[in-house]
Amino acid sequence: MTISERLPATVESVAAARGAVRRFAANLEVDLDGLVLAVSEAVANVVAHAYDEGATGVVELTATAAPFEVTVTVRDHGRGLAEPRPSSGAGYGIAIIRRLAQHVSLEDTQQGVALTMRFLRGGPWSAR
């Protein structure tokens, strides 16, 4: 089971990504609230940091369900992590994501940044 969404890098896409991943993972016995919050933070980071102000950009969201985990990747095609930029937030997004997901990896390339998160299926939260 997989979803793939391509959204504009706008504030409205944060809610759209939340809704898409919530619908996708609703019956997957995963920490749904944690997964949705992590995706929200990741997409908000793209909107706030990936593209120059006024530039158009995209957020690619993919999610795959395997028997024991859900893997979500949020990708942009922006300027990457190495380029200095003015801060426009508290800077807690990645820290929040790392607390929610069982595995987090960042891939910073010339084509943008991909943030991959893995969430375990089953467990005490699945009884909700």
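**View 1. Pairing of S2 with S3.** Two strands count as paired if DSSP finds at least two bridges between them, and the strands themselves are DSSP runs of E of at least two residues, just as helices are runs of H or I of at least four residues, both numbered from the N terminus. By this criterion, strand S2 (residues 58–65) and strand S3 (residues 69–76) pair in the antiparallel sense over seven bridges. One bridge can be located by residue, since Glu60 has Arg75 in S3 as its bridge partner. The model shown is predicted, so that local features need pLDDT of at least 70 and side-chain atom pairs count only at pLDDT 80 or more, whereas totals for chains, interfaces and linings use all residues. Residues are numbered from 1 along each chain as its sequence is written, and side-chain values use heavy atoms, with hydrogens and water left out.

**View 2. The open sheet and its place in the chain.** The chain contains three helices and five strands, which follow one another from the N terminus on as β-α-α-β-β-α-β-β. The five strands form an open sheet with antiparallel pairing, in the order S1-S2-S3-S5-S4. Its edges are strand S1 (2–8) and strand S4 (103–109), each of which pairs on one side only. Direction ignored, neighbouring strands of this sheet are turned by 10° against each other on average; angles here run from 0 to 180 degrees between N-to-C directions, and axes are lines fitted to C-alpha atoms, for helices over the stretch in contact.

**View 3. Helices against the sheet.** Contact in this and later views means heavy atoms within 4.5 Å. With respect to the sheet whose neighbouring strands are turned by 10° on average, direction ignored, H1 packs on it and touches S1, S2 and S3, while the direction of H1 makes about 170° with that of S1. Helix H3 (residues 93–100) also packs on the sheet, where H3 touches S4 and strand S5 (112–120) and makes about 30° in direction with S5.

**View 4. S5 and its two partner strands.** S5 runs antiparallel to S3, to which seven bridges join it, and Val70 has Phe119 of S5 as its bridge partner. On the side of S4, seven bridges likewise join the strands, S4 and S5 running antiparallel, and a hairpin of two residues links S4 to S5 along the chain. Within this pairing, Ser105 has Thr116 of S5 as its bridge partner, and Glu107 stands opposite Ala114 in S5. S5 is mostly covered, with seven of its nine residues buried, where buried means under 20% relative accessible area, exposed over 50%, and partly exposed in between (1.4 Å probe, protein chains only). Over the chain of 128 residues, buried residues make up 40%.

**View 5. Packing of H1 with H2.** Helix H1 (residues 11–25) and helix H2 (residues 32–50) pack with their axes 9 Å apart and at an angle of about 150°. The two helices are therefore roughly antiparallel to each other, a label used for angles over 145 degrees, with those under 35 being roughly parallel, 65 to 115 roughly perpendicular and the rest oblique. In the contact between these roughly antiparallel helices, H1 contributes Val11, Ser13, Val14, Ala17, Arg18, Val21, Arg22 and Ala25, and H2 contributes Leu32, Asp33, Leu35, Val36, Val39, Ser40, Val43, Ala44 and Val47.

**View 6. Surroundings of Ser13.** Ser13 has its place in helix H1 and counts as buried because its relative accessibility is 3%. Not counting residues up to four places away in sequence, Ser13 touches Leu7, Pro8 and Val43.

**View 7. Surroundings of Leu37.** Leu37 lies in helix H2 and, at 37% relative accessibility, counts as partly exposed. Leaving aside neighbours within four places in sequence, Leu37 is in contact with Ile96 and Leu100. Leu37 and Gly93 lie 56 residues apart in sequence and 9.8 Å apart in space, C-alpha to C-alpha. For the chain, residues 24 or more positions apart account for 65% of the contacts with a separation of 6 or more.
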